[in-house]
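Work through the following exercises with the sequence and the 3D view side by side. Each task is followed by a solution that goes step by step.

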Amino acid sequence: MNSWLLWQMLGIYPIVTQPVYLLSSPWFPDLNMTINGNKTLRISASGLEKGYYVQSVKINGKQWGKNWFEHDDIMTNGGTIEFDLGADAKAWETGDVPPSPGHVQLNKE
């Protein structure tokens, strides 16, 4: 339970057995953490005082339209996740859905 709470407070949630993390809103306006031995991940949240609904996300300075990212996107070499938060819910996640390991595409012959 402690690790679940820590991930929740960071605003990211690892999917067990997959190299995928879901995005939610962080509890802190700015934090740095050391990952992968000596790399730094910075998570910032502007607008936290207005509310906890995600308005938009940038990963490594690029606008991010998915509510998830893959391990290699940021957890291998470090980088930044920038959340813009607000008082009202907004459909900011317009990108692809996370991959599903149970989904298999069969070739019809």
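**Exercise 1: Strand pairing in the sheet**

In this predicted model, tyrosine 53 has glycine 86 in β8 as its bridge partner. Starting from this pair, work out how β5 and β8 run relative to each other, and find which strands stand at the edges of the sheet.

*Solution.* Begin with the two strands themselves: β5 covers residues 53-59 and β8 covers residues 79-86, and they pair in the antiparallel sense over six bridges. Another of the bridges joins isoleucine 59 to isoleucine 81 in β8, and this can be traced in the view together with the pair of tyrosine 53 and glycine 86.

Next, place this pair of strands in the sheet, which is open, has five strands in the order β3-β4-β8-β5-β6, and is mixed in its pairing. The edges are held by β3 and β6 (62-64), each of which has a single partner strand, so one side of each is left without a neighbour in the sheet. Neighbouring strands of this sheet are turned against each other by 25° on average, with direction ignored.

**Exercise 2: The hairpin of β5 and β6**

Describe how β5 and β6 pair, and find which residue in their hairpin takes a positive phi.

*Solution.* First, the pairing of β5 and β6 is antiparallel and runs over three bridges, one of which matches lysine 58 with glutamine 63 in β6. Then turn to the hairpin, where two residues lie between the strands and asparagine 60 takes a positive phi near 50°.

**Exercise 3: The salt bridge**

Find how many salt bridges a search of the whole structure gives, and state whether the side chains that form it, arginine 42 and aspartate 30, are buried, partly exposed or exposed.

*Solution.* The search finds one salt bridge, in which the side chains of arginine 42 and aspartate 30 meet at 2.8 Å, N to O. The pair links distant parts of the chain, since arginine 42 belongs to strand β4 (residues 39-46) and aspartate 30 to strand β3, 12 residues apart. Side chains of opposite charge can pair when their charged atoms come close.

For the second step, compare relative accessible area with the limits of 20% and 50%: arginine 42, at 38%, is partly exposed, and aspartate 30, at 43%, is partly exposed.

**Exercise 4: A nonpolar surface patch**

Locate tryptophan 27 and name the patch residues that go with it.

*Solution.* Tryptophan 27 lies in the loop between β2 (20-23) and β3 (30-35), and its relative accessible area of 45% makes it partly exposed. Together with Trp4, Leu5, Tyr13 and Phe28, Trp27 forms a nonpolar patch on the surface, with about 480 Å² of accessible area together.

Technical notes:
Residues are numbered from 1 along each chain as its sequence is written. This is a predicted model: local features need pLDDT of at least 70, side-chain atom pairs count only at pLDDT 80 or more; totals for chains, interfaces and linings use all residues. Side-chain values use heavy atoms; hydrogens and water are left out. Patches are made of residues with over 30% relative accessible area and no salt bridge: like charges are joined within 9 Å, nonpolar side chains (Val, Leu, Ile, Met, Phe, Trp, Tyr) within 5 Å. Accessible areas come from the Shrake-Rupley method with a 1.4 Å probe; for residues, only the protein chains shown count as cover. A salt bridge is a side-chain nitrogen of Lys or Arg within 4 Å of a carboxyl oxygen of Asp or Glu. Helices (H or I, at least four residues) and strands (E, at least two) are DSSP runs, numbered from the N terminus. Buried means under 20% relative accessible area, exposed over 50%, partly exposed in between (1.4 Å probe, protein chains only). Two strands pair if DSSP finds at least two bridges between them. Axes are lines fitted to C-alpha atoms, for helices over the stretch in contact, and angles run from 0 to 180 degrees between N-to-C directions.
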